[in-house]
Structure formats: C-alpha cells, structure tokens
Amino acid sequence: MSVRVGIIGASGYTGAELMRMALPHPQIEITYVTANQYKDTKVTGLYPHLTGMTELVFEAYDLEAAGKKADVFFLALPHGKAMEVAPELLAAGFKVIDLSGDFRLSEASVYEAWYKTKHTNPELIGEAVYGLPELFEEKIEGAKFVSNPGCYPTGALLALAPLLKEKMVKTSGVIIDSLSGASGAGRDPKPGTHFCRVEGSLTAYKVGGVHQHTPEIEQYLTEIAGAPMTVSFTPHLMPVSRGILTTTYADAGGPVTLDALLELYNSFYRDKPFVHILPKGQYPETKNVAGSNYCHIGLAHDERTGKVIVISAIDNLVKGASGQAIQNMNILMGLEQDMGLRHVGLMP
C-alpha cells in the first residue's frame with residue numbers, strides 16, 4: 001500500500017523538492033500540501049515544473065483536515081514554526097519528519113542562544129531521532145519523530161565521521177569550510193542573495209563561529225568521536241543555485257597514508273548507497289551531485305603539514321534536505337532506503 005504523505009509548508013524550496021522527488025516515488029502518495037500564503041492555489045501555478053505530475057492545491061494548515069488525509073508528515077517549515085506544529089501531530093499519533101532546526105539540538109538553551117528564538121516546546125527536545133541515515137540508521141528504524149539534519153552538517157559529518165570514529169585524527173583544531181548555492185537561503189528574496197549580488201561573486205558570511213549550524217556539527221561530531229569537539233566552521237555563498245562543497249582539515253593522530261584513508265572510507269561507507277568515495281586524485285564537484293541524493297567524497301593527505309583533508313559534495317536541497325527526508329521516511333516505513341531516490345547528478 002502507498003504511504004499517504006502530507007507536506008506542511010510545501011511552497012518553499014524544500015517543499016518543492018519533496019514534491020518533485022515524492023510524486024514519482026512508487027510507494028508514496030502525496031495527499032495533503034499546505035501553504036497558508038498560497039491557500040487555494042494549484043501547486044503547478046507556483047511550480048510549473050511539476051505540470052503533468054499533480055493536480056494538488058495548497059491548503060491552509062488544519063490539524064483535523066491533515067489527520068484525515070495523511071499518515072506521515074514532512075514539516076518543511078521555517079525555524080521556529082515547526083515547534084508549533086510537531087507536538088500536535090505527534091500527539092495525534094502521526095509520524096513526523098521535521099526539516100527545520102527546531103529539534104536537532106539536545107538542549108533548549110543551546111537552541112535559543114544560536115537561533116535567537118525561544119523554544120516553545122522544550123519537552124520534545126531529545127525525543128526526535130537525528131536523521132542522518134549513514135550514521136544513525138538503527139535509531140531511525142521504528143522511530144516516530146525524525147529531525148532531518150541541516151545541509152552544512154550533512155556534508156561535514158559525512159566527511160569527518162570515519163576519521164573520528166576510528167580515531168585517526170585529533171579532535172582539536174578541526175577546520176570546516178563550506179560553500180553553498182544561493183538556494184540554501186530559501187525562496188523568499190533577500191538583499192544578499194538576489195542575482196545582482198550573487199552573480200560573479202563569492203563571499204564568506206557569519207564568520208567567526210556564529211553560524212547556527214555550528215552547535216549541530218559539534219554535538220554530533222562529539223557523539224561520533226566520543227570526546228568533546230569544538231570546530232572552526234566558516235560558510236560561504238557561491239554564485240550557483242544549488243550544491244554544497246565542504247572541505248575539512250584535521251591533524252592526523254599518527255602515521256597515516258592516503259591508501260589507508262581510502263581503504264577506511266570505502267569500508268566505512270560500503271553498505272551506504274548514497275555515499276561514493278572517489279578514487280585517489282579525484283575530488284568532488286557539486287555539478288556531479290546536483291539534483292541527486294548522493295554525497296561524493298574525496299581525500300588527500302598533506303604530508304608536509306600532517307593534515308588529513310576530506311572534501312564532500314552534496315546537493316543542499318536533496319541530500320542536504322528533502323532527499324534525505326525521503327530516505328528517512330523510507331527507513332521509517334520499512335522500505336528500501338534508496339527507493340525513489342536513485343537519481344544521478346545533472347551533468348552538465
């Protein structure tokens with residue numbers, strides 16, 4: 001039987017990606033989509049690229065109506081809004097996959113400090129399973145509430161997890177540089193992300209350890225490493241629509257070779273269908289994963305400085321958001337985790 005799916009907040013980029021990937025999914029039927037601003041507007045009126053795929057119409061969110069139409073809900077809402085909706089859906093017995101940052105962190109005080117928003121449902125913090133399947137699949141199986149990772153944390157955690165799990169690098173002095181496409185800022189126009197500002201330019205932003213994804217990265221790196229982790233994370237905006245290229249630097253914990261690193265990564269991700277380790281001397285490109293749920297990883301060892309360098313590439317809207325959410329739903333519902341997600345990158 002098909003899984004009846006509702007998407008709350010479906011008018012944004014992540015909502016649009018959920019629809020693009022879920023509509024042809026063999027076991028998903030999208031039965032409910034909300035966007036208060038676009039109530040009674042056809043989905044294809046806002047997103048013509050879905051023409052021929054759906055006749056759905058955006059509705060204003062209502063719990064009673066939602067409960068009659070769907071069994072699993074994706075929350076594609078802004079930070080601060082998902083915490084208002086998730087509790088009532090969970091209390092009504094539905095499975096929830098939240099794409100916001102509202103339930104990723106383990107303490108309300110940390111959330112409030114970094115997101116500058118009061119958490120109105122702190123009792124649910126810690127109830128959500130962190131939805132990075134390559135690292136936490138066993139926890140996701142059978143869960144009722146999944147917090148989908150942020151886009152930057154996805155690329156960083158997948159890059160560093162094998163090194164820290166196997167204690168091949170030091171836990172201090174880790175540096176993470178990430179470059180993201182402009183769609184990461186969302187659908188609503190902003191002065192710093194419209195075409196005239198982004199085109200032909202590259203800039204860092206939220207520099208100095210102030211980006212809200214920093215504590216999420218540190219929290220789960222700490223869990224993986226089994227030791228407290230503090231990292232230096234700098235995000236950048238690049239003049240493309242989608243994609244994240246992340247370069248991480250860590251000090252080797254002892255003698256290491258590139259061949260040994262490649263063997264470690266290939267073994268660590270052997271049974272993970274969406275992580276591909278590139279051969280020696282090859283490095284990821286965002287173009288190769290655009291539109292796909294894949295993560296490409298390349299490795300280097302700087303013998304002169306003793307640094308292990310790991311580079312990952314993902315699509316921020318797919319593996320960094322909506323594709324990963326569907327991957328989590330597949331696991332929740334006992335389906336093959338790659339069902340409906342075997343789309344390769346859009347090259348050229």
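Okay, let's start with a pair of helices: helix 7 and helix 9 are roughly parallel to each other, because an angle under 35 degrees counts as that, and their axes cross at roughly 20°. This is a predicted model, so keep that in mind throughout. The two axes come within 9 Å, and the crossing is right-handed. For orientation, helix 7 covers residues 151–165 and helix 9 covers residues 214–225.

Who touches whom there? From helix 7 you have Pro 153, Ala 156, Leu 157, Leu 160, Ala 161, Leu 164 and Lys 165. Facing them from helix 9 are Glu 216, Ile 217, Tyr 220, Leu 221, Ile 224 and Ala 225. Sort that contact by class and you get 11 nonpolar, no polar and two charged residues.

Now stay on helix 7 and look at its other helix partner on my list, helix 11, residues 318–332. Here the axes come within 8 Å and cross at roughly 100°. That falls in the 65 to 115 window, so helix 7 and helix 11 are roughly perpendicular to each other. The contact involves Cys 151, Thr 154 and Leu 158 on the helix 7 side, with Lys 319, Gly 320 and Gln 324 on the helix 11 side. By class, that contact has two nonpolar, three polar and one charged residues.

Next, the sheet. What is the strand order? Seven strands make an open sheet, running 8-9-7-10-13-12-11, with mixed pairing. Strand 8 (203–204) and strand 11 (275–277) are the edges; each has a single partner strand, so one side of each has no neighbour in the sheet. Inside the sheet, strand 7 (residues 175–180) and strand 9 (residues 232–237) run parallel and are joined by six bridges. If you want one pair to click on, Asp 177 has Thr 234 in strand 9 as its bridge partner.

And helix 7 comes back here, since helix 7 packs on this sheet. Helix 7 touches strands 7, 9, 10, 11, 12 and 13, and its direction makes about 140° with that of strand 13.

Moving on to strand 3, residues 72–75. In a regular strand the side chains alternate between the two faces of the sheet. Which residues point which way here? Val 72 and Phe 74 go one way, Phe 73 and Leu 75 go the other, and all are buried. Strand 3 pairs in the parallel sense with strand 1 (residues 3–8) over four bridges, and Ile 7 stands opposite Phe 74. Strand 3 also pairs in the parallel sense with strand 4 (residues 95–98), over four bridges, where Val 96 is the bridge partner of Phe 73.

Last bit: backbone oddities. Most residues other than glycine have a negative phi, and most peptide bonds are trans. Lys 167 has a positive phi of about 55°. Lys 167 is in the loop between helix 7 and strand 7, and is it buried or exposed? At 60% relative accessibility, Lys 167 counts as exposed. Then there's Lys 206, with a positive phi near 45°, in the loop between strand 8 and helix 9. Lys 206 is partly exposed, at 39% relative accessible area. Finally, the peptide bond from Met 347 to Pro 348 is cis, with omega near 5°, and Pro 348 is in the segment after helix 11.

How values were computed
Residues numbered from 1 in each chain as written. Predicted model: local features only at pLDDT ≥ 70, side-chain atom pairs only at ≥ 80, totals over all residues. Heavy atoms only, no water. Axes fitted to C-alpha atoms, helices over the stretch in contact; angles between N-to-C directions. Helix = DSSP H or I, 4+ residues; strand = E, 2+ residues; numbered from the N terminus. Parallel < 35°, antiparallel > 145°, perpendicular 65-115°, else oblique. Left-handed = near helix turned anticlockwise from the far one by under 90°. Contact = heavy atoms within 4.5 Å. Nonpolar A, V, L, I, M, F, W, Y, C, P; charged D, E, K, R; others polar. Pairing = 2+ DSSP bridges. Buried < 20%, exposed > 50% of the residue type's maximum accessible area, 1.4 Å probe, protein only.
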